[in-house]
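Welcome! Here are some friendly questions and answers on how the terms for this structure are earned.

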Amino acid sequence: MLIDGRKISSEIKVELKEEIEKLKNEKGRIPGLATIIIGKDKASQIYVGSKVKTCSEIGIQSFLYELAEDIEEKEVLKLIEELNIRSEVDAILVQLPLPKQISEKKIMNTIIPSKDVDCFSNENIGRMFLNPNTDIRPCTPAGILELLSRYSVKLEGKKVVILGRSNIVGKPIAIMLISSGATVTVCNSKTVDLEKIIKKADILISAIGKSKFIKKEMIKENAIIIDVGINRVDGKITGDVDFDDVIDKVSMITPVPGGVGPMTIAMLLKNTVNMYRRN
Ligand code: NAP
């Protein structure tokens, strides 16, 4: 069965639109998301453009700041400090990657936690670690959990193998799944006997960025596969999993594109609405 991220994300957008409709009378305004993009990275511009469009569709006001590639770090920090106190801005997003002169860590920890929509700050990561049901969660991992939940996948007692240990995908999804009662193994590029570990997975989550790395002989019969990878090969987007090769062996799988990707944006919007409710 296909786990349809586009369909679920559309359902979430409808739910959020309804929620904004209800809240806006009480609040006297609509939610606001400020996005800062630095430089002319094509992929980032496409991604930000699509976020801005989706925001307007569901009733979130976008504040877009397009800054020059060679801007000084202190200028960006000054802008973030202004946005931190602007009452009509509920959430702040700084599009990655950043140019070399700007410290990602400094930027992420200058955004006040109550507006840190990507959930990258130390405080928000810590809060998620201690309370997995907190309303502000890292977007891609939260999107994966939402997909599993809406497809009624039970996590308790399941063996989950995660490929990748990044701060934005591998580590936070591991914490969330541990809290949900799954038995979790996190692998990295140095993991020994990777194939043996993958073969045991009831649920395999791959976030390594290697096109079609996972083949059918590597996975367990009837495994559930969540493919986070986004790889650009000859102008086409592919996942980490060889979809055509594994499709007859899996019980459920996310396609790429159309699986985890749309859920990341949906969860970003959900975090924005949750911040608006709190603000
Ligand atoms: P990252 O920071 O580059 O991390 C990749 C991780 O994969 C590292 O931990 C690395 O291990 C591990 N790895 C690499 N090769 C491996 C192998 N052969 N076996 C096991 N582990 C291996 O990547 P990321 O930011 O987490 O992103 C991962 C992928 O997901 C990328 O394709 C990215 O574009 C995609 N992504 C998609 C979404 C979405 O919304 N769909 C969101 C975020 C990211 P080491 O730590 O040992 O180097």
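Q: What makes the pair formed by a nitrogen atom of the ligand and V228 a polar contact?
A: The nitrogen atom of the ligand is 3.4 Å from a polar backbone atom of V228. A polar contact is a pair of N or O atoms within 3.5 Å (within protein, one must be able to donate a hydrogen and the other to accept it, and residues adjacent in sequence count only if both atoms are side-chain atoms), so the pair with V228 qualifies. Please keep in mind that this is a predicted model, where local features need pLDDT of at least 70, side-chain atom pairs count only at pLDDT 80 or more, and totals for chains, interfaces and linings use all residues. Residues are numbered from 1 along each chain as its sequence is written, and side-chain values use heavy atoms, with hydrogens and water left out.

Q: Which atoms of S166 and I230 pair with an oxygen atom of the ligand?
A: In S166, an N or O atom of the side chain is 2.5 Å from an oxygen atom of the ligand. In I230, a polar backbone atom is 3.0 Å from an oxygen atom of the ligand. Taken alone, the ligand exposes 930 Å² and the protein buries 73% of that (areas by the Shrake-Rupley method with a 1.4 Å probe; for residues, only the protein chains shown count as cover).

Q: How many residues surround the ligand, and which are the closest?
A: There are 20 surrounding residues, and the closest are R165, S166, S189, K210 and T264. A residue counts as near a molecule or strand if one of its heavy atoms lies within 4 Å of it.

Q: Which helix gives the largest share of the shell around the ligand?
A: Helix α10 (residues 260–278) does, with 3 residues. Helices (H or I, at least four residues) and strands (E, at least two) are DSSP runs, numbered from the N terminus.

Q: What classes make up the shell around the ligand?
A: The shell has 9 nonpolar, 9 polar and 2 charged residues. Here Ala, Val, Leu, Ile, Met, Phe, Trp, Tyr, Cys and Pro count as nonpolar, Asp, Glu, Lys and Arg as charged, and the others, Gly among them, as polar.

Q: Why is α1 called oblique to α2?
A: Helix α1 (residues 5–27) and helix α2 (residues 42–58) pack at an angle of about 50 degrees, with their axes 9 Å apart. Axes are lines fitted to C-alpha atoms, for helices over the stretch in contact, and angles run from 0 to 180 degrees between N-to-C directions. Angles under 35 degrees count as roughly parallel, over 145 as roughly antiparallel, 65 to 115 as roughly perpendicular and the rest as oblique. The α1 and α2 angle therefore makes the pair oblique.

Q: Which residues of α1 and α2 meet?
A: K13, L16, K17 and I20 in α1 meet T54, E57 and I58 in α2, where contact means heavy atoms within 4.5 Å.

Q: Why is α1 roughly perpendicular to α6?
A: The axes of α1 and helix α6 (residues 139–150) cross at roughly 100 degrees and come within 11 Å, so α1 counts as roughly perpendicular to α6. On the α1 side the contact is made by G5, I8, E11, I12 and E15, and on the α6 side by E146, L147 and R150.

Q: What makes α6 roughly perpendicular to α10?
A: Their packing angle is about 105 degrees, with the axes 8 Å apart, and therefore α6 is roughly perpendicular to α10. The residues of this contact divide into 8 nonpolar, 4 polar and 2 charged.

Q: How do you know that the peptide bond from L96 to P97 is cis?
A: Its omega is near 0 degrees. P97 sits in the loop between β3 (91–94) and α4 (104–110).
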